[in-house]
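Got the viewer open? Here is a short tour, one selection at a time.

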Amino acid sequence: MQITVNGTAHEVDVEGDMPLLWVLRDELNIKGVKYGCGIAQCGACTVHIDGVAVKSCQVAAEDVDGEVTTIEGLGQPDALHAVQEAWIAHQVAQCGYCQSGQVMLAASFLSETPAPTDAEIDDAMSANLCRCGTYPRIREAVKSAAAKLQEA
């Protein structure tokens, strides 16, 4: 089957029920997406399919209908996405394990909610877990990214 990830089409020979997470990590060697819980509770595996955040541990390869974007494809080193810039500016990451999923969730959320309130940010970002408890910094980074995206 063919799958497009970060703008590149790939032909993969996998069982249709293989989770997208494992296609990305094991077949395509894309390691920014993380395995967390495997039951869609933590969000470490969050990627976008056509811009919508999904938990890749729960999406079968055969069900992928659209372009997949991982943290590697969200921005480029010399042109980071506003959320990536905000994460750095607000020093959000501690251990960092969940952060690619957090960034992908935040980017998708801001595309749907460009001027969120604190409560909306907290609600949206509660879909992903951060065991280090960086939620106050996540909220500030999302607010900062929202402001930057509105300037653009």
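Start by selecting Val142, which sits in helix α6. Keep in mind as you go that this is a predicted model. Val142 has a relative accessible area of 1%, so it counts as buried. Now add Val103 to the selection: the two residues are 39 apart along the chain, and their C-alpha atoms are separated by 8.9 Å.

Next, widen the view to the core around that spot. Val142 is among the residues with the most contacts inside the largest nonpolar core, along with Val83, Trp87, Leu110 and Met125. That core has 22 residues. Colour α2 (71–74), α3 (82–89), α4 (99–112), α5 (118–125) and α6 (135–151), since each of these helices supplies at least two of the core residues. Which helix gives the most to this core? That's α4, with 7 residues. As a general matter, nonpolar side chains in soluble globular proteins tend to be buried together.

Now for the charged pairs. A search of the whole structure finds 4 salt bridges. Pick Lys148 and Glu85 to begin with: their closest N and O atoms are 2.2 Å apart. Lys148 lies in helix α6 and Glu85 in helix α3, so this salt bridge ties together parts that are 63 residues apart in sequence. Lys148 is partly exposed at 39% relative accessible area, and Glu85 is partly exposed too, at 30%.

Stay on α6 and select Arg139, whose side chain meets that of Asp122 in a salt bridge (2.8 Å, N to O). Asp122 is in helix α5 and Arg139 in helix α6, 17 residues apart. Asp122 comes out as partly exposed at 34%, and so does Arg139 at 23%.

One more stop on this helix: Lys143 and Glu140, both in α6 and 3 residues apart, about one turn of the helix. Shared salt-bridge partners join this pair and Asp118 into one network. Between Lys143 and Glu140, the closest N and O atoms are 3.5 Å apart.

Time for the loops. Select Gln91, between α3 and α4; its phi is near 45°, positive although the residue is not a glycine. Then jump to Asp50, in the loop between β3 (46–49) and β4 (52–55). Asp50 has a positive phi as well, about 50°, and is not a glycine either. Gln91 is exposed at 53%, and Asp50 is exposed at 52%.

Finish on the surface with Asp13, in the loop between β2 (8–11) and α1 (20–27). Asp13 is exposed, at 76% relative accessibility. Show Glu11, Glu15, Asp17, Asp26, Glu27, Glu62 and Asp63 as well: together with Asp13 they gather in a patch of negative charge.

Notes
Residues numbered from 1 in each chain as written. Predicted model: local features only at pLDDT ≥ 70, side-chain atom pairs only at ≥ 80, totals over all residues. Heavy atoms only, no water. Patch = residues over 30% accessible without salt bridge, like charges linked within 9 Å, V, L, I, M, F, W, Y side chains within 5 Å. Areas by Shrake-Rupley, 256 points an atom, 1.4 Å probe, with all protein chains shown as cover. Lys, Arg positive; Asp, Glu negative; His and termini not counted. Charge placed at Lys NZ, Arg CZ, Asp CG, Glu CD. Helix = DSSP H or I, 4+ residues; strand = E, 2+ residues; numbered from the N terminus. Buried < 20%, exposed > 50% of the residue type's maximum accessible area, 1.4 Å probe, protein only. Core = buried A, V, L, I, M, F, W, Y, C linked by side-chain atoms within 4.5 Å.
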